[in-house]
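Biologist: Before we use any terms for this model, I would like to hear what each one rests on.

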Amino acid sequence: MTIRTLCLSLALAFSGGVFAQTTLPKAAFTVKIIGFNDYHGNLESPGTFGVNTLVPTASRPAVGGAEYMAAYVARMKAANPLSVVVGAGDYIGATPLISALFFDEPAVETLNKIGVEFNAVGNHEFDKGKDELKRLQNGGCKVTGGVQEPNSCKGFGSAVPGSFDGARFKWLSANVLDTTTGKTLLPAYGIKTFNGVKVAFIGMTLKGTPGIVTPTGVAGLSFQDEADTVNALVPRLRAQGIEAIVVLVHQGGFQNVVTGSTNQPITSDVNGCTGDLKNTNGTDSDIRAIVKRLDNAVDLVISGHTHAAYNCSANTIDVRGTTLANAVSTARPTGMPNKLGRLIPVTSSSAFGRVLTEVDVSIDPGTRDIVAVSPHNVLVDRTDAAINAAITANPEVKNVVAAYKAAVSPLANAVIATITAPMTNAANAAGEMEAGDLIADAQLAATQPATLGGAVMAFMNAGGVRNPGLVNTAGTYPYDLTYGDAFTTQPFGNSLVTMTLTAQQLKDVLEQQFANCNGQGSANRIMQISNGLKYSWDSAGTCGTRIVEVTYTPTDVTVAPPVVTGPTEFIVQGGVVLNPSKTYRVTVNNFMATGGDGFGVLVGGTSPLGGAQDIDALTAYLANYKAPSAAYNPASAALSKPRITRQ
C-alpha cells in the first residue's frame, strides 16, 4: 500500500466512511449482583446451617448476623467494583425483639450498612400498613396519637443519635397500586448503570399478599398479576435503551422430590434445584408458574418468600446420597422455562441472613444485554477467619447490633416461665404443633372470663407460630423460658378478637383450612386449637366433606393445670352438623378475624370484642408456670392431646 493510499484510508476511516467497519466490538464485562431475601430483621445469628441436609448438625457452622453479612458483601464487592446489592422482600416484619421493639428501625439501619440498593416489597413489609412502610423508607420517628414512641429513633445506626435516617435503599413494587391514585405505591423498578450500560431491577410483591396479611395492612391497595406486570414494563424499559433486566420477586418454591422423578433423595443443597421447583405432584410451584409466563427480555429472577435456598441455573448441583460420605454431586445446567421455553436462572437464599447469592453476569456493551449468568449461593459462615478479621478491623455494624442488644436485653432476658420439654412449630401429620397448642390455650385463657369475651374455644393460624417455637437452643430441660423466646414465636403484635360463630360456621371454617377450598390458597393451613376442642379430618375427602367429627368439652384454662367443667358434646358427627344454629364464642387474632390466611368465614362472626395483644396473652398464661409454681409440661394429660386427628 502506498503512502497516498494509506492516508486516504485513514481519512475515510476518521470521516466515518469505514470507521464502523474497522472498529472491533467491545469486550463483554462482568457485573456482580449480590442478593438475599427474607432478612426479617435478624441482626443476630439465627443459629447454625449446613450447605445441605447431609451435613451433620454438629458440623453445621453458625451463620448470619448483620456484621457478618456486611463483611461478606464487602469481600464480594472488593472482587468486582461493578456490583450491586439487591433483595427479594421481607426485610422487615416478623422480626426478633431486637428489631421489633424499635419498630424495625434497626433492620433498616443495618441493611443500609450492608449496602442494599434495591429491594422488592414482600408481604411482611405491609404488616403495619403502607404509611409505616413509607416512614421506614423516608425516615423520621414513629409517632402515635401525636406523641413520639419512646422506642423509636434510638438512632444507633443512623447519622445522628436520636434520629432515624430511613432506608438508603429503594423498596420496589411494580404490581402494588394505590387504589385512590391508580399509581404504584412505590417505584416499579430501579436502574443502575455499569460502564454506560443500564441494568433494570423490577420489584414484585406476591399477588396473594392480601390473603396472608392483616387486611388493614393492605387497605387501599390492589395487587396485580406478577408476570403481566413485568411483561408490561418491558417495552417501557426498552424505550430507555435498557436490555438487561432482573426481576426481584417475593414469591418462591421449594426443592421437592417429584413423584416418578429420578431426583431422589432430596438433600436441599443451597446450590441445588431438586425437582426443578415443581410441586411433589409435578405441577408448577408459584415461582415456576410466574417465570413460565415472563417475557424473553428477563435475564435473571431473584426470588424469596418460601425461606428456601435454591440455585436453578447453569450452576445447579444435584447432591444425592444418605450421608456426606456416600454423597454424589452432579452438575446439571438448568433454570425455569420462560414463555418461549428458554431457561432463566432463578435463585433464592434461604432466610434470616444465612446465605448470600453471588451472581456474576456478563454484559455485552454493544447489545446492552446480559449474555451469561453465573450464580452461586454462599453460606454466611461466622467461622471464616478472614471475615472475622475484617469485622475486627471495621466493627461499625457490630457496634450497632451491640447497642440495640444492650437496649433490648432487660426485656428479652426476663424469665416468664419454666418448661419441661421443647414445644416447636413443627406440625405432625395431622397439622398439630406443640407451640400452636400452647398459644391457642393462652388466647383462650385471655378471653375466657365473661367480661373479656366469654370465649369457649380459640383458633390460631399456623403461619403465625414462628420458628423455632418455644425451645431451648442448647437442648437442655427444664428450661427457663424468656420473653425473647416468646416474642420470637409470636412477633406480630396482633390483637385478640372474640366473636360469635354458629356450629355451621365452625364446620365451614374448619373445612376452609384445606387447599383450594372455599377461598383457601394452594396449600393446607391447619389451625391450632385450644384445650377442650377436638376434631378429625379425612385426607381423602373433598372440599366440604373433610371434617368428620368435632367435639367440645368445656374446660377452664385460666387455672393451672386446666380443669374440665362440663360434659363433652358433639358439634359434628359423621360429617353432619348436629345443631347448625347453636352458637359459640370463639377467639382468633385480628389477622384471622378479617379473613387472613383465607379464613373468610370468620368475617361473618358476630358480636366481636377486641382483646389483648397476642404476646401479652401468651406471657400472662405462662406466668402460671413460673417458679415457685410447677413448670409447664406439654405432655400433661390435662392438656387433652392430640386435639387434631387425621384419618
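The talk below takes one helix, another helix and a pocket in turn.

Modeller: This is a predicted model, in which local features need pLDDT of at least 70, side-chain atom pairs count only at pLDDT 80 or more, and totals for chains, interfaces and linings use all residues. Residues are numbered from 1 along each chain as its sequence is written, and side-chain values use heavy atoms, with hydrogens and water left out.

Biologist: Why is helix α5 called largely enclosed by the rest of the structure?

Modeller: Buried means under 20% relative accessible area (1.4 Å probe, protein chains only). In α5, residues 105-114, 9 of the 10 residues are buried, so the helix is largely enclosed. Among them are Glu105, Pro106 and Ile114.

Biologist: What do the buried residues of α5 pack against?

Modeller: They pack against β1 (29-36), α3 (66-79), α4, α6, β8 (170-172) and α10 (396-412); contact means heavy atoms within 4.5 Å. Helices here are DSSP runs (H or I, at least four residues), as are strands (E, at least two), numbered from the N terminus.

Biologist: What makes helix α13 mostly covered?

Modeller: In α13, residues 503-511, 7 of the 9 residues are buried, including Leu506, Lys507 and Glu511.

Biologist: Which classes of residue line the second largest pocket?

Modeller: The lining has 13 nonpolar, 7 polar and 8 charged residues. Asp, Glu, Lys and Arg count as charged, Ala, Val, Leu, Ile, Met, Phe, Trp, Tyr, Cys and Pro as nonpolar, and the others, Gly among them, as polar.

Biologist: What makes a space a pocket?

Modeller: On a 1 Å grid over the protein atoms alone, with a 1.4 Å probe, a pocket is an open set of points with protein on both sides within 12 Å along at least five of seven lines, and lining residues have an atom within 4 Å of a point. The second largest pocket is lined by 28 residues, and Ala100 and Lys128 are among those nearest its centre.

Technical notes:
Buried < 20%, exposed > 50% of the residue type's maximum accessible area, 1.4 Å probe, protein only.
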